[in-house]
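Here is a set of exercises to work through with the model open beside you. Try each task before reading its solution.

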Amino acid sequence: MLDNLETKKKAIVQGFKDGFPIGLGYFAVSFSLGIFAKGVGCNVIQGIINSFLNHASAGEYAVYSMIGVGASYLEMAIMTLIVNARYLLMSTALSQRIHPDTPFIHRLGIGFHVTDELFAISINRPGYVNPFYCYGAFIVAVIGWCAGTATGIVAGGILPGRLVSALSVALYGMFLACIMPEARRHRIVAVLIVISFVLSYIANEAAVFASISSGTKTIILTVLIAAVAAIVFPHPEVEDDD
């Protein structure tokens, strides 16, 4: 029992160490999200709760965007599910690296905290993934994420409007940083990004779509473009497996 407890402690400490730089990065990213959240009317408590339950930049941005256009709870739930769907695949992959005797509560806990970065450091651990390593990394990472959001919301309320507007540009810079490397590696991705911009503009400006809410438009376009792209341009690795 003592050895088991000592193993858990070591795993948590190692998780803290590996998760610390991730937490620092999350603080910087979520600060911009916090400024955006303030702009759509969210307070600090709401921002912290959202960041804790939805610790993903794209998913959280989608929620705040839909709040800004007055979307319904159902639209927000569907959009969040779509944007964060990749975490279902990550959780499935990570579940194959967990010891078969691991209780369900720990499996649920690991699945809850999966993000791109936490998945990467967990999946690269040798042998079975220790749940307490994941908890240690998650704790320090989510503290940075929630603290950044809260700080951004506070800053958005006390800084001059022009400065807040300038800082909010960092959020769009973050998303450009996410999509541009992939667009440079794959021409198809670059084309799909341009198509997404064009279709989004048409959906927003065309009178025929005026009766459809912005949230529903976003959901429809996301599913439609992703589905068509997956069918017409399947990933080369999928073709090789066949």
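A polar contact is a pair of N or O atoms within 3.5 Å; within protein, one of the two must be able to donate a hydrogen and the other to accept it. Keep that cut-off at hand for the first exercise, and remember that this is a predicted model.

**Exercise 1. A pair of asparagines**

Task: Find the side chain that makes a polar contact with the side chain of N84, and describe the surroundings of both residues.

Solution:
- Step 1. Start with N84, which sits in the loop between α4 (73-83) and α5 (86-95).
- Step 2. Check the contact: the side chains of N84 and N54 make a polar contact at 3.0 Å. This pair counts because 3.0 Å is within the 3.5 Å cut-off.
- Step 3. Place the partner. N54 is in the loop between α2 and α3 (57-68), so the contact joins a residue of one loop to a residue of another.
- Step 4. Follow the side chain of N54 further, and you find that it also reaches the backbone oxygen of G59 at 3.2 Å.
- Step 5. Ask about burial. N84 has a relative accessible area of 14%, and N54 has 7%. Both count as buried because the limit is under 20%.
- Step 6. List the neighbours, leaving out residues up to four places away in sequence. N84 touches N54, A56 and G59, while N54 is in contact with G59, E60, V63, T80, N84 and W145.

**Exercise 2. The second largest pocket**

Task: Describe the second largest pocket by its volume, its lining and the elements that contribute to that lining.

Solution:
- Step 1. The volume of the second largest pocket is about 270 Å³.
- Step 2. Its lining has 15 residues, and those closest to the centre of the pocket are N84, Y87, G111, F112 and V114. N84, from the first exercise, is thus one of these residues.
- Step 3. Turn to the elements: α4, α5 and α6 (104-113) each give two or more residues to the lining. The largest share, three residues, belongs to α5.
- Step 4. Sort the lining by class. There are eight nonpolar residues, seven polar ones and no charged ones.

**Exercise 3. Cysteines without a bond**

Task: How many disulfides does the structure hold, and are C42 and C146 buried or exposed?

Solution:
- Step 1. Recall the chemistry: a disulfide is a covalent bond between the sulfur atoms of two cysteines.
- Step 2. Count them: the structure holds zero disulfides.
- Step 3. Look at C42, whose relative accessible area of 9% makes it buried.
- Step 4. Do the same for C146, which is buried as well, at 11% relative accessibility.

**Exercise 4. Neighbours from afar in sequence**

Task: For G47, I35, G19 and H113, find a residue that is separated from each along the chain, and give the C-alpha to C-alpha distance.

Solution:
- Step 1. G47 lies in helix α2 (residues 44-53) and is buried, with a relative accessible area of 0%. T149 is 102 residues away in sequence, yet its C-alpha lies 6.2 Å from that of G47. Beyond its neighbours within four places, G47 is in contact with E60, Y64, T149 and I153.
- Step 2. I35 belongs to helix α1 (residues 2-39) and counts as buried at 4% relative accessibility. G152 is 117 residues from I35 in sequence and 4.7 Å from it in space, C-alpha to C-alpha.
- Step 3. G19 is also found in helix α1, and it is buried, at 0% relative accessibility. The C-alpha atoms of G19 and Y133 are separated by 9.5 Å, with their positions 114 residues apart along the chain. Residues that G19 touches, outside its own stretch of four places either way, are A137, V140 and A141.
- Step 4. H113 is in helix α6 and counts as buried at 2% relative accessibility. V142 is 29 residues apart from H113 in sequence and 8.7 Å apart in space, C-alpha to C-alpha. H113 touches H55, L118, C134 and F138, again leaving out residues up to four places away.

**Exercise 5. The whole chain**

Task: Summarise the protein by its elements, its burial and its contacts.

Solution:
- Step 1. The protein has twelve helices and zero strands.
- Step 2. Of its 242 residues, 33% count as buried.
- Step 3. Among contacts with a separation of 6 or more, 77% are between residues 24 or more positions apart.

Notes:
Residues are numbered from 1 along each chain as its sequence is written. This is a predicted model: local features need pLDDT of at least 70, side-chain atom pairs count only at pLDDT 80 or more; totals for chains, interfaces and linings use all residues. Side-chain values use heavy atoms; hydrogens and water are left out. A disulfide is a pair of cysteine sulfur atoms within 2.5 Å. Buried means under 20% relative accessible area, exposed over 50%, partly exposed in between (1.4 Å probe, protein chains only). Helices (H or I, at least four residues) and strands (E, at least two) are DSSP runs, numbered from the N terminus. Contact means heavy atoms within 4.5 Å. On a 1 Å grid over the protein atoms alone, a cavity is a set of points where a 1.4 Å probe fits but cannot get out, and a pocket is an open set with protein on both sides within 12 Å along at least five of seven lines; lining residues have an atom within 4 Å of a point. Grid points are joined across faces, edges and corners, and a volume is the space filled by probe spheres set on the points. Ala, Val, Leu, Ile, Met, Phe, Trp, Tyr, Cys and Pro count as nonpolar, Asp, Glu, Lys and Arg as charged, and the others, Gly among them, as polar.
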